[in-house]
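Reader: Got the model open and want to talk through the packing. Can you pull it up?

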Amino acid sequence: GGTATPQVSEADALHAGVLEQLRSTLSANSMRIIDMFRQWDEDGNGTISKKEFRKALPALNLQVPTVAVDELFDSFDPDCSGAIDYKELSRLLRGSCRTPQASPPASRP
């Protein structure tokens, strides 16, 4: 019989680890999220493509397997647009919510 013990998937652990490394890179270099975003956004179109994302991680000395990079990218891109915009990256790195369910609805003035 299989025991169904809830465990963190490899992708979730990787996601958390990469976010932690990105946060420490930002603070170690006194960088703002927008500065990192602009570095990653090579073509300057205001979004980070999967190709740009794949280049960005090794540049930060993050050793992530390609398969995991794709999963990671998808988790950074909650609206599945195929690109990460600044708001998405900022929201992730600020770490305001651990799980999507816990985030309060956005209030618009």
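Author: Sure. One term up front: contact here means heavy atoms within 4.5 Å. Also, this is a predicted model.

Reader: OK, so what covers the buried residues of helix 3?

Author: The cover includes helix 1, helix 2 (33-40), strand 1, helix 4 (66-76) and strand 2 (83-85).

Reader: And which residues are buried in helix 3?

Author: Glu52, Phe53, Ala56 and Leu57, within a helix that runs over residues 50-59. They sit on the same side of helix 3 because they cover an arc of only 135 degrees around the axis.

Reader: What's on the face turned away from that buried side?

Author: Lys51 and Ala59, which are exposed.

Reader: Switching to helix 1. Which residues are buried there?

Author: His15, Val18, Leu19, Leu22, Thr25 and Leu26. Looking down the axis of helix 1, the buried residues fall within an arc of 125 degrees, so they line one face.

Reader: Why would that spacing work?

Author: An α-helix has 3.6 residues a turn, so residues three or four places apart point the same way.

Reader: What covers them, and what's exposed on the other side?

Author: Helix 2, helix 3, helix 4 and helix 5 (86-94) are among the elements covering helix 1's buried residues. On the other side of helix 1, Glu10, Ser27 and Ala28 are exposed.

Reader: What follows helix 1?

Author: Serine 30, with a positive phi near 50 degrees. After helix 3 comes asparagine 61, with a positive phi near 60 degrees.

Reader: Last thing: what does the chain's pLDDT average?

Author: The average is 82, and 80% of the residues score at least 70. Over residues 97-104 the pLDDT is below 50, and that stretch has one contact beyond near neighbours in sequence.

Key
Residues are numbered from 1 along each chain as its sequence is written. This is a predicted model: local features need pLDDT of at least 70, side-chain atom pairs count only at pLDDT 80 or more; totals for chains, interfaces and linings use all residues. Side-chain values use heavy atoms; hydrogens and water are left out. pLDDT is the predictor's confidence in each residue, from 0 to 100. Buried means under 20% relative accessible area, exposed over 50%, partly exposed in between (1.4 Å probe, protein chains only). Helices (H or I, at least four residues) and strands (E, at least two) are DSSP runs, numbered from the N terminus. The arc is that of the directions from the helix axis to the C-beta atoms.
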